[in-house]
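Student: Can we go through some of the labels on this one? I'd like to see how each call follows from its value.
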Amino acid sequence: SNLFWHLVAAIVSDQLGLATYASVAEDLLMMPRVRKLRRELARRGALDTTYWVCAFAINQHSGICGGFGPEPNEMDTQRQAEKLLEYDVKRRDTVTGEVFRVCDCRQPKMFNSQPGECEMNKFD
């Protein structure tokens, strides 16, 4: 679902070590249960845990899912080697070392050349 209530329930559930959030979502609808959840979170020392939540819904399939961008093309051979290494590292999983798979979806890509349609050029 896309309900903020479910997002909060998922975060609380994570702090409680639960695999699903349905029961916590129900608990959040009733104040006595909310107080109980808060007490349990306090007992676990989890009330001050920080979560990063991206509040912007960006359709990554309209931009970055189909590739890694062009390889660097430097005139200086030493700089070219450095840039190629940096490029290669960024396109690999840091744990497995495998190159990330790119998506083969057919979603039209929208970049800065189409500023009205591009979703990723709206941030400063």
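Student: Why is Cys118 called buried?
Tutor: This is a predicted model, and in it Cys118 has a relative accessibility of 3%. Buried means under 20%, so Cys118 counts as buried.

Student: And what makes Cys65 buried or exposed?
Tutor: The cut-off is again under 20% for buried. Cys65 comes out at 12%, so buried is the label here.

Student: How do you know which disulfides Cys65 is in?
Tutor: Check the sulfurs. A disulfide needs them within 2.5 Å, and the cysteine sulfur nearest to Cys65, that of Cys105, is 3.5 Å away. Cys65 is therefore in no disulfide. For Cys118, the nearest cysteine sulfur belongs to Cys65 and is 13 Å away, again no disulfide. The count by this rule is 0.

Student: Why is the charged end of Arg91 said to sit over the ring of Phe68?
Tutor: The distance limit is 6 Å from the ring centre, and the charged end of Arg91 is 5.9 Å from the centre of the Phe68 ring. The rule also wants the charge within 35 degrees of the ring normal. As for aromatic pairs, a search of the whole structure gives 0.

Student: What makes the span of H3 agree with expectation?
Tutor: H3 covers residues 31-43, and its 13 residues should span 18 Å at 1.5 Å a residue. The end C-alpha atoms are 18 Å apart, so the two agree.

Student: What caps the N-terminal end of H4?
Tutor: That's Asp76, with a side-chain oxygen 2.8 Å from the backbone nitrogen of Gln78. The limit for a polar contact is 3.5 Å.

Key:
Residues numbered from 1 in each chain as written. Predicted model: local features only at pLDDT ≥ 70, side-chain atom pairs only at ≥ 80, totals over all residues. Heavy atoms only, no water. Phe/Tyr/Trp six-rings, centres within 6.5 Å; stacked < 30°, edge-to-face > 60°. Helix = DSSP H or I, 4+ residues; strand = E, 2+ residues; numbered from the N terminus. Expected span 1.5 Å × (residues − 1). Polar contact = N/O pair within 3.5 Å; in protein donor to acceptor, adjacent residues only side chain to side chain. Buried < 20%, exposed > 50% of the residue type's maximum accessible area, 1.4 Å probe, protein only.
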